[in-house]
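Me: I'd like a close look at one part of this model, the inside of it around the metal site. Could you walk me through the lining there and then work outwards to whatever it connects to?

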Amino acid sequence: MLLEIRKYGSPILREKSQPVKEITPEIKELIDNMAETMYENKGVGLAANQVGVKKRIITVDVGDGLVALVNPNVPHSSGVQVGEEGCLSFPGITLEIERREEIVVEGLNREGKKVNIRASGLLARALQHEIDHLNGLLIIDRISLAKRELISRQLRKLEKETSQR
Ligand code: ZN
């Protein structure tokens with residue numbers, strides 16, 4: 001089932017998501033729906049609060065298959081990379097964002113099994129982006145005020161569209 005993606009201006013994007021206590025059939029269904037919604041919208045990642053659910057769940061696919069993680073955390077990270085990033089909650093906007101080059105992510109998979117993923121490059125970037133969402137952080141929080149000023153009109157337009165929904 002396709003889910004509605006919340007755009008910039010939706011309060012839930014600024015809220016901290018809650019840990020999942022148990023992988024229930026409803027959680028699995030949410031993961032499946034998030035993946036479907038992500039692919040349909042040609043995104044490389046999605047966080048549950050982007051579809052209105054305040055739970056710590058992310059889906060990512062940078063072209064090498066689906067990674068779905070519940071309660072992800074990053075115990076190790078190293079290096080720096082800078083690259084263009086978009087976000088399904090910011091249609092039409094791409095920004096140059098600095099991220100860690102390599103990370104280790106721990107969490108649970110769709111079946112509730114503990115997993116440990118070592119990621120670099122684009123996968124590491126996408127995972128960091130989605131984990132930011134779970135903490136209420138957005139790409140515009142990772143650019144300079146001067147750059148934010150440059151896109152302020154686009155941001156105001158998005159906020160206005162969201163408030164009229
Ligand atoms: Zn995003």
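Reply: Helix 2 is the top contributor to the lining of the largest cavity, giving three residues. The full lining is Arg99, His129, Asp132, His133, Leu137, Leu138 and Ile139. Keep in mind that this is a predicted model. The cavity has a volume of about 30 Å³, and the count of cavities of 30 Å³ or more comes to one.

Two of those lining residues, His129 and His133, also hold the metal. The zinc ion is coordinated by His129 and His133 through NE2 and by Cys87 through SG, at 2.0 to 2.2 Å. Along the chain, the donors follow the spacing C-x41-H-x3-H. Cys87 sits in the loop between strand 4 (81-85) and strand 5 (95-99), while His133 belongs to helix 2 (residues 121-134), so this pair ties together parts that are 46 residues apart in sequence. Cys87 and His133 are both buried.

Now for the open space. The largest pocket holds about 220 Å³. Its lining takes in 15 residues, and those nearest the centre are Val44, Glu85, Gly86, Cys87 and His129; Cys87 and His129 are zinc donors too. Strand 4 and helix 2 are the elements that give two or more residues to this lining. Helix 2 has the largest share here, with five residues.

Right after Cys87 on the chain comes Leu88, in the loop between strand 4 and strand 5. Is Leu88 buried or exposed? The relative accessibility of Leu88 is 18%, and the cut-off for buried is under 20%, so Leu88 counts as buried. Leaving out residues up to four places away in sequence, Leu88 touches Ile5, Lys7, Asn41, Gly43, Gly45, Leu46 and Gln50. Take Ile5 from that list: Leu88 and Ile5 are 83 residues apart in sequence, yet their C-alpha atoms are 7.3 Å apart.

Next, the sheet behind all this. Five strands form an open sheet in the order 1-2-3-6-7, with antiparallel pairing. Strand 1 (45-47) and strand 7 (114-120) are at the edges with a single partner strand each, so one side of each has no neighbour in the sheet. On average, neighbouring strands are turned by 40 degrees against each other, ignoring direction. Helix 1 (residues 25-40) packs on this sheet and touches strand 1, strand 2 (57-60) and strand 3, with its direction at about 35 degrees to that of strand 2. Helix 2 packs on the sheet as well, touching strand 1, strand 2, strand 3, strand 6 and strand 7, and its direction makes about 155 degrees with that of strand 2.

Zooming in on the strand pairs, strand 3 (residues 67-78) and strand 6 (residues 102-108) run antiparallel over five bridges. Glu102 in strand 6 stands opposite Ser78. Strand 6 is also joined to strand 7 by seven bridges, again antiparallel, and there Glu102 has Ser120 as its bridge partner. The hairpin of strand 6 and strand 7 has five residues between the strands, and in it Gly112 takes a positive phi near 85 degrees.

To come back to where we began, helix 2 supplies zinc donor His133, gives the most to the lining of the largest cavity, and has the largest share of the lining of the largest pocket.

Notes
Residues numbered from 1 in each chain as written. Predicted model: local features only at pLDDT ≥ 70, side-chain atom pairs only at ≥ 80, totals over all residues. Heavy atoms only, no water. Donors = N, O, S within 2.8 Å, 3.2 Å for Na, K, Ca; no water. Helix = DSSP H or I, 4+ residues; strand = E, 2+ residues; numbered from the N terminus. Buried < 20%, exposed > 50% of the residue type's maximum accessible area, 1.4 Å probe, protein only. Pairing = 2+ DSSP bridges. Axes fitted to C-alpha atoms, helices over the stretch in contact; angles between N-to-C directions. Contact = heavy atoms within 4.5 Å. 1 Å grid on protein atoms, 1.4 Å probe; cavity = no way out; pocket = protein on both sides within 12 Å on 5 of 7 lines; lining within 4 Å. Points joined across faces, edges and corners; volume = space filled by probe spheres on them.
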